[in-house]
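Visitor: I would like to learn how to read a model such as this one, feature by feature. Could you take me through it slowly?

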Amino acid sequence: MKIKIITVGKLKEKYLKEGMAEYQKRLSRFAKLELIEVKDEKTPENASLAENQQIMVTEGERIEAKIGPRDYLVILAIEGQQLPSEQFSKQLAQAMLAGHGTLTFVIGGSLGLTPAIKKRADLLLSFGKLTLPHQLMRLVLIEQIYRAFMIQSGSPYHK
């Protein structure tokens, strides 16, 4: 099993890097994890709607280049489904049983993702209506992926 987490921009904060490294280590017993950072576009302060759209398209093309044709694609989006951890775990287990060798998760840039890339998703997932920094969202996501595997293994970690 392979897991890819594709994000826009670089992870900068030391404490977040340390958290990511810890969960990457924990996940290694279940799957091979690949963290992919694509370049983010600088957004002008008074960008027009057209400029913002072009930035999302450019970042989206970079993301799409990293997605395999048979990947099970989970895109984090505020309008996505909100699932309890147990249901999230079941969704991932079903994807693996369906023969998807790679679970790919995408966290877009600060402007979000185009409708075209969202349409490609097997699952649009939301962790709620709160706005979180994209860098922090990486840590929340990797912890939930780890939790999903721990639920599948019957571990008391989830309690």
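Guide: Let us begin with a helix and its covered face, keeping in mind that this is a predicted model. In H2, the buried residues are Asn 52, Ile 55, Met 56, Thr 58, Glu 59, Gly 60 and Ile 63.

Visitor: Why do residues three or four places apart in an α-helix point the same way?

Guide: An α-helix has 3.6 residues a turn, so residues at that spacing point the same way. As for the cover in this case, the buried residues of H2 are covered by elements that include strand E1 (2–8), E2, E4 and helix H4 (115–119). H2 itself has 16 residues and reaches 22 Å from its first C-alpha to its last, close to the 22 Å expected at 1.5 Å a residue.

Visitor: Glu 59 is a charged residue in that list, so which side chain of opposite charge is nearest to it?

Guide: That is Arg 62, at 5.6 Å, and Glu 59, although buried, has no salt bridge. With a cut-off of 4 Å between nitrogen and carboxyl oxygen, it is worth looking for other polar partners. The side chain of Glu 59 reaches the backbone nitrogen of Glu 41 at 2.9 Å, and, leaving aside neighbours within four places in sequence, Glu 59 is in contact with Val 8, Lys 39, Asp 40, Glu 41 and Gly 109.

Visitor: How should I read a strand, and is E3 mostly covered or mostly open?

Guide: Look at burial and at pairing together. Strand E3 (residues 72–81) is mostly covered, with seven of its ten residues buried, and E3 pairs with strand E4 (residues 102–107) in the parallel sense over four bridges. Within this pairing, Val 74 stands opposite Phe 105 in E4.

Visitor: What does Ile 75 touch, beyond residues up to four places away in sequence?

Guide: Ile 75, which lies in strand E3, touches Val 106, Leu 113, Ile 117, Lys 118, Ala 121, Leu 123, Leu 124 and Leu 125. Ile 75 counts as buried because its relative accessible area is 0%. The C-alpha atoms of Ile 75 and Ile 117 are separated by 8.7 Å, although the two residues are 42 residues apart along the chain.

Visitor: How many salt bridges are there, and how do I read an individual one?

Guide: The count comes to eleven, and for each pair one can ask how far apart the partners are in sequence and how exposed they are. Lys 118 forms a salt bridge with Glu 79, the closest N and O atoms being 2.8 Å apart. Because Lys 118 lies in helix H4 and Glu 79 in strand E3, this pair ties together parts that are 39 residues apart in sequence. Lys 118 is partly exposed at 22% relative accessibility, and Glu 79 is partly exposed at 46%.

Visitor: Where do Arg 26 and Glu 22 lie?

Guide: Both lie in helix H1, four residues apart, about one turn of the helix, and their salt bridge has its closest N and O atoms 2.9 Å apart. Arg 26 is partly exposed at 28% relative accessibility, as is Glu 22 at 29%.

Visitor: And are Arg 147 and Glu 143 buried or exposed?

Guide: Arg 147 counts as buried at 17% relative accessibility, and Glu 143 is buried at 12%. Their salt bridge, with closest N and O atoms 2.8 Å apart, spans about one helical turn, the two residues being four residues apart in helix H5. H5 is mostly covered, with 14 of its 19 residues buried.

Conventions: Residues numbered from 1 in each chain as written. Predicted model: local features only at pLDDT ≥ 70, side-chain atom pairs only at ≥ 80, totals over all residues. Heavy atoms only, no water. Buried < 20%, exposed > 50% of the residue type's maximum accessible area, 1.4 Å probe, protein only. Lys, Arg positive; Asp, Glu negative; His and termini not counted. Polar contact = N/O pair within 3.5 Å; in protein donor to acceptor, adjacent residues only side chain to side chain. Contact = heavy atoms within 4.5 Å. Pairing = 2+ DSSP bridges. Expected span 1.5 Å × (residues − 1).
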